[in-house]
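I opened this notebook page to record what I looked up, starting with charged pairs and ending with enclosed space.

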Amino acid sequence: MSENLHPHQVNSEWPPPPAYAPEPTAPAHRRSRGPARLLVAVAIVAAAVGGTTAYGVQELTGGSSTGVTASSAAETDVVPASLKGTVAGVAKTVSPSIVEIKAASSSGSATGSGVIVTEDGEVVTNNHVVAGASRIQVRTHDGKTYGARVVGTDSSKDLALIKLEDASGLKAATLGNSDGVQVGDQVVAIGSPEGLTGTVTSGIVSALDRDVTVSTDESQGQQQWQRGDGWPFEFGGRQFNGDTGGSTTTYKAIQTDASLNPGNSGGALIDMNGNIIGINSAMYAPSGAESSTAGSVGLGFAIPVNTLKADLPDLRAGAGG
């Protein structure tokens, strides 16, 4: 008989269902354990996703170098989540925003790097890369070559803004916040050392607020080209590949052990979220080393990106000097 019952009918011969008996209420201290575990889990996820507490995540994960997260300087997660915190992810994401610059004058030529800051071809570089140039050519990540002109320069900060001719649809870099950079943050450098376009190196922030002295004499840049020296800086009384000349200025730089070599000038120093935190500008060379033989000794320097951001309006207005 039971097999013919409608699904909603009840067989009166069946015993009534047992009365509902709620489980005993757990003591207050036992109820708190679940939420406590949840809060801990949320804290860990928030630290990993937020990109602003790298130190805390490293402590929670045992400080493993393979799980390094983004720098505390990050404002935006530029790197896709699947590649977050990896050098490969930063390289893949940011390389299209880095260019190679070849500048020529009557005294010779120089090769440097630059960072795209607008889709229509504004590129930031070092002043010493383009100072006195009569012709500038820029090669983008996809191999295209553009002519370019100088828009504005600031020799006191060794910054310059150039504009590519007839450019559009370029991938602009994301400028981060160098005020949040901490010693020990992992960083990536991208540029064209010795003309090797798109070279990627990595390291950490070794120190902050290092004094770097740069020549403000435009003809000094031309003399450096003629001698083949492209890094007219000194630190701690010792020269960076050449004489800085009589007219100099000093700015505060980020020090990094990421490998920098001649040609990295004007390229990007990047946090692990893909934000630009500095413009690479100088390296240390042992006393007496010539630019043709000097290589990276793990002492590189970058102009903080906040210095660049504050200077951009003047550069765009055509400032010179």
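The entries below follow the order in which I looked things up.

**Entry 1: salt bridges.** I noted at the outset that this is a predicted model, and then asked how many salt bridges the structure holds. I found four, and I wrote up three pairs, among them the one between Arg 316 and Glu 122, whose side chains meet with an N to O distance of 2.8 Å. Because Arg 316 belongs to helix H7 (residues 305–316) and Glu 122 to strand E3, this pair ties together parts that are 194 residues apart in sequence. I then looked up the accessibility of both partners: Arg 316 has 42% relative accessibility and so counts as partly exposed, whereas Glu 122, with a relative accessible area of 14%, is buried.

**Entry 2: the surroundings of Thr 118.** I went on to Thr 118, which I located in the loop between strand E2 (108–116) and strand E3 (122–125). Is Thr 118 buried or exposed? Its relative accessibility is 17%, and since buried means under 20%, Thr 118 counts as buried. A polar atom of the Thr 118 side chain lies 2.9 Å from the backbone nitrogen of Glu 122, and the side chain of Glu 122 is the one that I had already recorded in the salt bridge with Arg 316. When I left aside the neighbours within four places in sequence, I found Thr 118 in contact with Leu 170, Ala 172 and, again, Arg 316.

**Entry 3: two further pairs.** I next looked up Asp 154, which forms a salt bridge with Lys 157, with 3.3 Å between the closest N and O atoms. In this pair Asp 154 is buried at a relative accessible area of 12%, while Lys 157 is partly exposed at 29%. For Lys 252 and Asp 211, which also form a salt bridge, I noted 2.7 Å between the closest N and O atoms. That pair links distant parts of the chain, with Lys 252 in strand E12 (residues 248–256) and Asp 211 in strand E9 (residues 199–215), 41 residues apart. Lys 252 counts as partly exposed at 44% relative accessibility, and Asp 211 counts as partly exposed at 37%.

**Entry 4: cavities.** I closed with the enclosed space and found two cavities of 30 Å³ or more. I looked up the second largest cavity, which has a volume of about 40 Å³. Which residues line the second largest cavity? I listed Ser 95, Ile 98, His 141, Ile 190, Gly 191, Ser 192, Thr 197 and Gly 198. Sorted by class, this lining has six polar residues, two nonpolar residues and no charged ones.

Conventions:
Residues numbered from 1 in each chain as written. Predicted model: local features only at pLDDT ≥ 70, side-chain atom pairs only at ≥ 80, totals over all residues. Heavy atoms only, no water. 1 Å grid on protein atoms, 1.4 Å probe; cavity = no way out; pocket = protein on both sides within 12 Å on 5 of 7 lines; lining within 4 Å. Points joined across faces, edges and corners; volume = space filled by probe spheres on them. Nonpolar A, V, L, I, M, F, W, Y, C, P; charged D, E, K, R; others polar. Helix = DSSP H or I, 4+ residues; strand = E, 2+ residues; numbered from the N terminus. Buried < 20%, exposed > 50% of the residue type's maximum accessible area, 1.4 Å probe, protein only. Polar contact = N/O pair within 3.5 Å; in protein donor to acceptor, adjacent residues only side chain to side chain. Contact = heavy atoms within 4.5 Å.
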